[in-house]
Amino acid sequence: MQNNILKQAELAKEASSKIATLPTKAKNKALIEIANSLKINSKQLLDANKKDVEEAKKTKLKQVLLKRLMLDENKINEMIEELKTVAK
């Protein structure tokens, strides 16, 4: 699992460099698409997050970190709205 997380972090870093050079219009379009994807896939995200939280509890993750890990509909909606705000 840790190797997967490290690989995803590496890919994100590479993508961020490429995204930084895109025109603003393209970046904004990508942000809106991400927001739409969050909305469409919110149930799957919440289901996966529930499993992640359960696993984290088993490892005795600190409460402060556990709280940051937990997602709910409100947090997802906040993310969607923030993405749309940045894209304006």
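In this predicted model, E73 belongs to helix α5. The helix spans residues 73-86. With a relative accessibility of 40%, E73 is classed as partly exposed, because the partly exposed range lies between the 20% limit for buried and the 50% limit for exposed. Neighbours up to four places away in sequence aside, E73 touches S42 and L46. A further pairing concerns L45. The C-alpha atoms of E73 and L45 are 9.8 Å apart, with 28 residues separating the two in sequence.

Helix α5 also packs against α2, which covers residues 24-40. The two axes approach within 8 Å. Their crossing angle is roughly 165°. Helices α2 and α5 are therefore roughly antiparallel, since an angle over 145 degrees places a pair in that class. The crossing of α2 past α5 is left-handed. By class, the residues of this contact are ten nonpolar, one polar and two charged. On the α2 side, the contact is formed by N28, L31, I32, I34, A35, L38 and K39. On the α5 side, the partners are I76, M79, I80, L83, K84 and V86.

The largest nonpolar core comprises seven residues. Its members are L31, A35, L38, I76, I80, L83 and A87. Both α2 and α5 contribute at least two residues each to this core. L31, A35 and L38 are core members, and these three residues also take part in the α2 side of the helix contact. I76, I80 and L83 likewise belong to the core and to the α5 side of the contact.

A35 illustrates the packing at the level of one residue. Beyond its neighbours within four places in sequence, A35 contacts I80, L83 and K84. Of these partners, I80 and L83 are core residues. K84 is listed among the α5 residues that meet α2. K84 is also paired in space with A30, at a C-alpha to C-alpha distance of 10 Å. In sequence, A30 and K84 are 54 residues apart. A30 sits in helix α2. Its relative accessibility is 33%, so A30 counts as partly exposed.

Helix α2 has a second helical partner, α3. Helix α3 runs over residues 42-58. The axes of α2 and α3 come within 4 Å and cross at roughly 70°. The two helices are therefore roughly perpendicular, because angles of 65 to 115 degrees fall in that class. Their contact involves L38, K39 and I40 of α2. From α3, the contributing residues are S42, Q44 and L45. Sorted by class, this contact contains three nonpolar, two polar and one charged residues. L38 and K39 take part here and also in the contact of α2 with α5. S42 of α3 meets α2 and is touched by E73 as well.

Further along α3 lies N49. This residue counts as buried, because its relative accessibility is 8% and the buried class is under 20%. When sequence neighbours within four places are left aside, N49 contacts L69, M70 and L71. L69 marks the end of α4, which covers residues 63-69.

The loop between α3 and α4 holds two residues of note, K60 and L61. K60 is exposed, with a relative accessible area of 71%; the exposed class applies because this value is over 50%. The phi angle of K60 is near 60°. This is a positive value in a residue other than glycine. L61 is partly exposed, at a relative accessible area of 32%. Not counting residues up to four places away in sequence, L61 touches A56 and L66. A56 falls within the 42-58 span of α3, and L66 within the 63-69 span of α4.

Conventions
Residues numbered from 1 in each chain as written. Predicted model: local features only at pLDDT ≥ 70, side-chain atom pairs only at ≥ 80, totals over all residues. Heavy atoms only, no water. Buried < 20%, exposed > 50% of the residue type's maximum accessible area, 1.4 Å probe, protein only. Core = buried A, V, L, I, M, F, W, Y, C linked by side-chain atoms within 4.5 Å. Contact = heavy atoms within 4.5 Å. Axes fitted to C-alpha atoms, helices over the stretch in contact; angles between N-to-C directions. Parallel < 35°, antiparallel > 145°, perpendicular 65-115°, else oblique. Left-handed = near helix turned anticlockwise from the far one by under 90°. Nonpolar A, V, L, I, M, F, W, Y, C, P; charged D, E, K, R; others polar.
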